[in-house]
Amino acid sequence: MRQLQFIRSNTFRWASAVAAVFALLMIVLFGFIYWKIDGYLIARSDRMIAQQLDFLAGLPRDRRADAISDHLGQDSRGVQYAGLFDAAGNRLAGNLKELPRDFTVGGAAQAARVAPVGQPPGGDPLIRAIGRRLENGDVLVLGRNVDETHEISSVVGQALALGLLPALCLCLLAGAWLSVRAQRRVEEVNQRVQRIIAGDLRERLPHRNVNDPFSRLAVIVNSMLDEMETMINALAGVGNDIAHDLRTPLTRARLSLERGRTHATTLEQLQSVTDKAIGGIDQSLAIITALLRLTEIENSRRSAGFGNVALHEILREVCDIYEPIAEDKSIKLGVDIDRKLHVWGDRDLLFEAVANLVDNAIKFTPAGGKVGLDLMRGDRESIVRVSDTGPGIGAQEREAVLRRFYRSDKMRNTPGVGLGLSLVAAITKLHGFRLIIHPGSGGRIEIVCLDKANGPNSSQI
């Protein structure tokens with residue numbers, strides 16, 4: 001039964017419908033050809049009869065009978081009929097016994113039932129005939145059997161059968177082949193999709209290097225599966241990173257509380273243990289809060305609050321906030337604003353992005369170094385640059401530092417959760433901006449705000 005399922009497929013049904021339409025068109029075409037040929041043969045026969053009648057009527061009276069006999073004698077197929085009758089209707093010559101009944105003499109060619117000489121009654125043939133009354137009162141009738149049109153119809157019918165049946169069978173076979181082929185491809189896709197559902201994320205849909213819609217769809221679906229596999233693997237990695245980063249502060253908090261419960265003998269000792277435990281819990285909450293914030297930004301939930309944002313004001317506010325922190329580390333923090341620039345976006349998110357960059361710069365810059373904030377105008381773009389005299393980011397780490405919880409070995413002991421640059425990347429992506437990390441000694445990160453992403457109310461002064 002599985003082999004006959006193609007009969008119920010849409011492909012086979014469409015092929016059958018096309019075959020039926022093709023057969024109908026062939027029948028109509030051959031019918032039209034038969035109709036035209038039949039009319040043409042009858043008209044041609046009528047012209048021949050009229051010409052022969054004119055010829056015989058123009059002969060002298062004493063030669064007409066011989067001429068009619070010669071005319072009939074040359075008819076090897078027995079399709080010619082002629083009769084010469086006097087005014088009373090008596091036969092004078094020819095192979096017709098009498099004038100046909102209901103026959104109009106002097107009219108155009110017409111169908112007439114005639115009685116040939118020597119033929120038994122009941123088998124009178126139907127012919128095309130013309131009658132004319134001569135000047136002496138005689139009637140000359142000349143006719144021709146046009147049953148050869150039946151032969152033409154037989155030939156047309158045979159041609160229709162020989163041409164239509166193979167074509168119809170070919171259409172049905174093509175439909176069956178296309179249906180079976182489509183079923184096989186669908187079955188193959190179904191099997192692979194089942195393996196993907198079962199957890200084999202490396203499985204892909206089959207496609208050939210041909211320009212057909214199914215292959216193009218398979219390529220698109222495979223690209224989607226590639227992206228999903230990457231996201232799932234990244235999600236699994238993030239889950240491991242979250243578990244690792246949360247386990248450390250929570251373990252410390254638990255150990256602190258356990259030791260405090262066992263060894264603390266004074267209120268001061270208990271308060272110290274409690275402070276350590278609260279610090280570990282706060283670190284865990286900071287990780288969770290950062291993750292929730294990152295998810296909120298990546299889901300573009302804040303895009304409805306976009307407006308005209310003054311970048312120069314954001315840079316000055318960030319500088320005012322982090323200047324005391326920089327002074328505590330003996331780091332010089334400066335801001336250089338080329339002009340007053342505005343962009344279209346969310347002010348709080350942009351403030352958070354710039355603050356994260358400055359916080360990272362101060363965190364990784366050694367004492368006595370410098371951190372600079374610059375606002376510049378480029379070619380149809382505004383540029384926020386944060387630079388420092390720290391170790392910088394290597395070329396091989398430019399992509400890795402944007403991943404969640406990534407921390408290089410040399411910065412493993414630096415406080416933080418490894419989500420700062422991930423937040424910055426998510427914010428710039430939400431706004432349609434570009435984040436550029438320049439490698440080499442000394443950190444330099446730029447947020448490039450393109451004018452086309454600045455919205456209708458952006459401006460520069």
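Colleague: In this predicted model, which residue of β5 stands opposite Arg-128?

Modeller: Paired strands can be read residue by residue, and here Arg-128 stands opposite Arg-144 in β5. The two strands involved, β4 (residues 126-133) and β5 (residues 139-144), pair in the antiparallel sense, and six bridges hold that pairing in the count. Between β4 and β5 there are five residues, and the two strands form a hairpin, in whose turn Gly-137 has a positive phi of about 95°.

Colleague: Which strand do four bridges join to β4?

Modeller: That strand is β3 (residues 110-113), which runs antiparallel to β4. One position to look for is Ala-112, which stands opposite Ile-127 in β4.

Colleague: How should I read the strand order of the open sheet of five strands?

Modeller: Side chains in a regular strand alternate between the two faces of the sheet. In the present case the order is β7-β9-β10-β12-β11, and the pairing is mixed. The edge strands, each pairing on one side only, are β7 (332-337) and β11 (434-438). Averaged over the sheet and with direction ignored, neighbouring strands are turned by 15° against each other.

Colleague: How many bridges join β11 to β12?

Modeller: Five bridges join β11 to β12 (residues 444-450), and the two strands run antiparallel. Among the residues you can trace there, Arg-434 has Val-448 in β12 as its bridge partner.

Colleague: Which helices lie across β7, β9, β10 and β12?

Modeller: Helix α6 lies across these four strands, running at about 170° to β7, and helix α7 also lies across them, running at about 25° to β10. The two helices, α6 (residues 311-328) and α7 (residues 347-364), pack against each other at an angle of about 35°, with their axes 10 Å apart. In this packing α6 passes α7 in a right-handed crossing.

Colleague: Which residues of α6 and α7 meet, and how do they divide by class?

Modeller: On the α6 side the residues include Leu-311, Ile-314, Val-318, Ile-321 and Ile-325, and on the α7 side they include Leu-350, Phe-351, Val-354, Val-358 and Ile-362. By class, this contact has 14 nonpolar residues, four charged residues and no polar ones; Glu-313 and Glu-317 in α6 are among the residues that take part, as are Arg-347 and Asp-359 in α7.

Colleague: Which residues have the most contacts inside the largest nonpolar core?

Modeller: In soluble globular proteins, nonpolar side chains tend to be buried together. Here the largest nonpolar core has 39 residues, and those with the most contacts inside it are Val-318, Leu-350, Val-354, Val-358, Leu-373 and Ile-447. At least two residues of this core come from each of α6, β7, α7, β9, β10, α8 (420-431) and β12, while the largest share, 10 residues, is supplied by α7. If residues up to four places away in sequence are not counted, Ile-447 touches, among others, Ala-353, Leu-357, Ile-383, Val-424, Phe-433 and Leu-435. Apart from this core lies another, of 15 residues, among them Ile-49, Leu-59, Leu-72 and Leu-134.

Colleague: Why does Asn-222 count as buried?

Modeller: A residue is called buried when its relative accessible area is under 20%, and Asn-222 counts as buried because its relative accessibility is 9%. Its place is in helix α4 (residues 213-263). Leaving aside neighbours within four places in sequence, Asn-222 is in contact with Arg-204, Leu-205 and His-207.

Key
Residues numbered from 1 in each chain as written. Predicted model: local features only at pLDDT ≥ 70, side-chain atom pairs only at ≥ 80, totals over all residues. Heavy atoms only, no water. Axes fitted to C-alpha atoms, helices over the stretch in contact; angles between N-to-C directions. Left-handed = near helix turned anticlockwise from the far one by under 90°. Contact = heavy atoms within 4.5 Å. Nonpolar A, V, L, I, M, F, W, Y, C, P; charged D, E, K, R; others polar. Pairing = 2+ DSSP bridges. Buried < 20%, exposed > 50% of the residue type's maximum accessible area, 1.4 Å probe, protein only. Core = buried A, V, L, I, M, F, W, Y, C linked by side-chain atoms within 4.5 Å.
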